[in-house]
Structures are given as structure tokens and as C-alpha cells.
Amino acid sequence: NSFEIQNSKIHTYLTKGIWHLLISFVDTGSNDYKMSQRLASNIRTSSESDTFDLGGQNTDAISKMITSAFSEPFPLNEMVRITLVTGAGKLGRARYDGGAAQAVTSALRLLSFEEDKGGSCILECAGTFKMQHDTGKNLKTVVVFPNITGDEGGDADGDEADGGGGSGSESPLPPNSPEYMVAVASVEVFERMIGSKCQSWLQKKECLFALQDVKEMI
């Protein structure tokens, strides 16, 4: 009888332990989801360049957060730099998941973002990212240049202000085409585009062809 009572107590303790473990797991998963969604919302409402710390988040939560934050263009007219801290030196390393950086870049690639090691905070770098190591602060980061909506509807307002005409001011080049970007870029922007978008010899040659096409239209 005493043996059966002891077994019954052990069974009760085990059942309670498993139940509390399941509750803890569900609560943890729920908290991770809420945290990732809150972070995604904060990123999407950024109106200027900002930094966000991914410490304490697992790779699954990070992937979902990236998808929520960057799947749609930001409602902005100017480019912003979103810096995601994915790792740190020896003192802060334990706060970050070892696969945080890979989770960020993999999720971005699934959204058609491309890595651009020379990327900078200009419109031409929209939809790109780059990995950096801040040696001064000893932090590992992924810098994202999101897609943005731009000044949508601005041309229509301008046409109305001109009395509904405006057809004579339309560009003969498709907006956002490489030729258009080259044609309307200032010298400063053009130099940055060459550095970030035309790193190989073939890319520089294609840029030269685009310049020649623009020249023939003038």
C-alpha cells in the first residue's frame, strides 16, 4: 500500500511538472510573438534613421519580425537607415542568439532584398542591406535600407496646379529605370551610385551605355 501511495505521489508530481512546463512554453512563445510584433511596428513607424536591439529574441521570432517590418514599402519620401544589432563582444554576447544575423539576412532575401556592401542612405539603395561590425562599440549589426513609397500623387497635384496640362513636362524615360536615375542624379548622388551599384567592370560598362542612350535623347 505504501508503495502504491508513493507511486501515486510521483505520478502527481510529474503530471504537475509537465503541465507547468507546457504553460511556461506557451507563455514564452506568446511573449516572443508579442515582442517581435511590437518591434516590427516600431521599425515600420520610423520616420528617421534608427537602431533596434535584437537581444533576447530567438531566430524564429526574428524571422517573423523582419517579414512583418519589411514586407511592404515604408510610407516615406526619403531613405532611412534601419540598424539591427545582432551580436556583441564577449561581455554582451550571451544576450544574442548565435543565428540572429543569419535569420535577419535570410528573411530579407526572401523579401527580395539584396546585399550591398557599399550601400548608403540614398533612394537608389532601397531594398538592400549590409552587414557591419562596429569595432568602437564592439557590436555586430545588419543595416537595412527599406523600400519606400516615395512622393506618390505629387505629380497629379503639380498637374492641377499647372492647370491640368503637364504632358510637356513628362520624362521620355521610364521612372526608376537606370537611365532615368542616371539622367536626373546630381553629381554627388551619381558618384554614390557608381560606388554602390557599379562595383564590377560589367556594371560600369552598362552604366556607360545608359549614359550614351541619355546623351542621344538630348
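# Exercises: core, helices and sheet

**Exercise 1. Contacts of Ile-66**

Leaving aside its neighbours within four places in sequence, list the residues in contact with Ile-66.

*Solution.*
- Ile-66 touches Ser-71, Leu-84, Val-104, Ala-107, Leu-108 and Leu-111, once neighbours within four places in sequence are set aside. Contact means heavy atoms within 4.5 Å.
- The model is predicted: local features need pLDDT of at least 70, side-chain atom pairs count only at pLDDT 80 or more, and totals for chains, interfaces and linings use all residues. Residues are numbered from 1 along each chain as its sequence is written, and side-chain values use heavy atoms, leaving out hydrogens and water.
- Ile-66 is among the residues with the most contacts inside the largest nonpolar core. The others named are Ile-43, Phe-70, Ile-82, Leu-84, Leu-108 and Val-144.
- That core has 30 residues. A nonpolar core is a set of buried Ala, Val, Leu, Ile, Met, Phe, Trp, Tyr and Cys residues joined through side-chain atoms within 4.5 Å. Buried means under 20% relative accessible area, exposed over 50%, partly exposed in between (1.4 Å probe, protein chains only).
- Helix 1 (2–44), helix 2 (59–70), strand 2 (82–88), helix 3 (100–110) and strand 5 (139–145) each give at least two residues to this core.

**Exercise 2. The whole chain**

Work out how many helices and strands the protein has, and in what order they run.

*Solution.*
- Count the elements: seven helices and five strands. Helices (H or I, at least four residues) and strands (E, at least two) are DSSP runs, numbered from the N terminus.
- Read from the N terminus: α-β-α-β-α-β-β-β-α-α-α-α.
- Check burial: 30% of the 218 residues are buried.
- Check contact range: of contacts between residues at least 6 apart in sequence, 66% join residues at least 24 apart.
- Check the surface: about 14,300 Å² is accessible, and 54% of it belongs to carbon and sulfur atoms. Accessible areas come from the Shrake-Rupley method with a 1.4 Å probe; for residues, only the protein chains shown count as cover.

**Exercise 3. Helix 2 and helix 3**

Test the length of helix 2 against its residue count, then find where its buried residues lie.

*Solution.*
- Helix 2 has 12 residues, which at 1.5 Å a residue should span 16 Å. The expected span is 1.5 Å times one less than the number of residues. The end C-alpha atoms are 16 Å apart, in agreement.
- The buried residues are Ala-61, Ile-62, Met-65, Ile-66, Ala-69 and Phe-70.
- Seen down the axis of helix 2, they fall within an arc of 135 degrees, so they line one face. The arc is that of the directions from the helix axis to the C-beta atoms.
- The spacing rule helps here: an α-helix has 3.6 residues a turn, so residues three or four places apart point the same way.
- Now turn to helix 3. Its buried residues include Ala-100, Ala-101, Ala-103, Val-104, Thr-105, Ala-107 and Leu-108. Their cover includes helix 2, strand 2, strand 4 and strand 5.

**Exercise 4. The sheet**

Give the strand order of the sheet, and say which strands stand at its edges.

*Solution.*
- The sheet is open, has five strands in the order 1-2-5-4-3, and is mixed in its pairing.
- Strand 1 (50–53) and strand 3 (114–115) are the edge strands; each has a single partner, so one side of each lacks a neighbour in the sheet.
- Strand 3 pairs with strand 4 (residues 128–134) in the parallel sense, over two bridges. Two strands pair if DSSP finds at least two bridges between them. Glu-115 has Phe-129 as its bridge partner.
- Strand 4 and strand 5 are antiparallel, over seven bridges. Here Asp-134 partners Leu-139.
- Strand 2 and strand 5 are also antiparallel, joined by six bridges. Val-85 partners Thr-141.
- Strand 5 is mostly covered, with five of its seven residues buried.

**Exercise 5. Two positive phi angles**

Is Ser-112 buried or exposed? Compare its setting with that of Asn-138.

*Solution.*
- Most residues other than glycine have a negative phi.
- Ser-112 is not a glycine, yet its phi is positive, about 75 degrees. Ser-112 sits in the loop between helix 3 and strand 3. It is exposed, with a relative accessible area of 61%.
- Asn-138 also has a positive phi, near 60 degrees. Its place is the hairpin of strand 4 and strand 5, which has four residues between the strands. Asn-138 is partly exposed, at 35% relative accessible area.
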